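Biologist: I am new to this structure and would like to understand the words used for it. Could you take me through the reasoning step by step?

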Amino acid sequence: MSLNQAGISPLKVPDNNQIIYGLDIGGTKIEIGVFTNELQLIDSWRKPTPTRSYGEFVETIVDLINEANRRYSTKGLIGIGMPGIVDKNGLVKSANVPCSTGKNIIADLQDILDCTLSIGNDCRLFALSESVGGAGDGFKRVYGAIIGTGAAGGICIDQQLYKGSRGFAGEYGHLPVSAFLIDKYNLPLRKCACGLTGCYESYIAGPGLGWIYHYLGAKTADTFHFVKQLNAGDDIAKSAFNCYMDLLGASFASLILSYDPDIIVVGGGVSKIDQVIESLPLYVNKHLFSGVECPPIHRARYGDSSGVRGAAILRKQLIES
Ligand SMILES: [Zn+2]
């Protein structure tokens, strides 16, 4: 029997099961995940993201959904996650998919597909995925933090995403970096892609880790090289790790003081480095005043499939509300 990209036979769909599609729109690819109502992933595939032409962008999403409808002889429910901010009127602002900025993707897709769909920020949906059946399952207040090409997250309370007034609650990467640490490590203030200067993201996201390693004397800013050297006990890598962890710990201390979560679940490329996960609570506690403790910090359960899974959960919750 041939297996699909999700590693299982697409024929095993239970009768009368409501199928849900979760779409994860990234700057380079759009992935669709096909889920049962019990959130079991049964199929997934992807297409490159057209980022310049809005018409091609919408057409690609519609093609993925039509292909899923054809494969499973049904009209599945649709949830979508994408980078950027989607306001309550459905208008998008996204640096990764510039053609979508100022457009109302929900209205346009609903017109073409003739159905209701849900849309949310991809990092917020990561938090939702880890809150419902993920590493944060069983905890009331779950903060999900991505540390990858960027640094962003979201907070879920009772397995529901806290959306806030304008949809940006959880953008911890754009809090201002600690003046104490800039002074302590003699670091320059860096310009952030968001337009501000001195955001945490410029130091704690994956590229920021590489930058610190290079800034402190390494010949490269490559994070794989950094991990290899750290494991080998290299002095520059150890100094870079200490500086990086101090900054990451301070940024997490800020989000703990803001949201007071019961658990923090961490995903993204940097979360795959064992030493980061193991020592993070120690570094967080250095930046919390007496009487405030770092909550448990766990690595994400669903990793790279959190985007499609979170989008599917968002849509599933809409019919259950
Ligand atoms: Zn910023």
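Modeller: Gladly! A residue is called buried when its relative accessible area is under 20%, exposed when over 50%, and partly exposed in between. Keep in mind that this is a predicted model. Both Tyr54 and Phe57 are buried.

Biologist: What makes the pair of Tyr54 and Phe57 tilted?

Modeller: Ring centres must lie within 6.5 Å to pair, and planes that are neither under 30 degrees nor over 60 apart count as tilted. Here the centres are 6.3 Å apart and the planes stand at 35°, so the pair is tilted. Tyr54 and Phe57 are also three residues apart in helix H1, about one helical turn.

Biologist: Why are Trp211 and Tyr215 called stacked?

Modeller: Their planes are at 15° and their ring centres 4.9 Å apart. Planes under 30 degrees apart count as stacked, so that is the name this pair gets. Both residues belong to helix H6, four residues apart.

Biologist: How do you know whether Trp211 is buried or exposed?

Modeller: Its relative accessible area is 17%, and the cut-off for buried is under 20%, so Trp211 is buried. Tyr215, at 36%, falls between the two cut-offs and therefore counts as partly exposed.

Biologist: And how are helices H3 and H10 oriented to each other?

Modeller: Their axes come within 8 Å and cross at roughly 80°. Angles of 65 to 115 degrees count as roughly perpendicular, so H3 and H10 are described that way. The contact includes Leu125 and Phe126 of H3 and Ile313 and Leu314 of H10. Its residues divide into six nonpolar, four polar and two charged.

Technical notes
Residues are numbered from 1 along each chain as its sequence is written. This is a predicted model: local features need pLDDT of at least 70, side-chain atom pairs count only at pLDDT 80 or more; totals for chains, interfaces and linings use all residues. Side-chain values use heavy atoms; hydrogens and water are left out. Axes are lines fitted to C-alpha atoms, for helices over the stretch in contact, and angles run from 0 to 180 degrees between N-to-C directions. Helices (H or I, at least four residues) and strands (E, at least two) are DSSP runs, numbered from the N terminus. Angles under 35 degrees count as roughly parallel, over 145 as roughly antiparallel, 65 to 115 as roughly perpendicular and the rest as oblique. Contact means heavy atoms within 4.5 Å. Ala, Val, Leu, Ile, Met, Phe, Trp, Tyr, Cys and Pro count as nonpolar, Asp, Glu, Lys and Arg as charged, and the others, Gly among them, as polar. Rings of Phe, Tyr and Trp (its six-membered ring) pair if their centres lie within 6.5 Å; planes under 30 degrees apart count as stacked, over 60 as edge-to-face and the rest as tilted. Buried means under 20% relative accessible area, exposed over 50%, partly exposed in between (1.4 Å probe, protein chains only).
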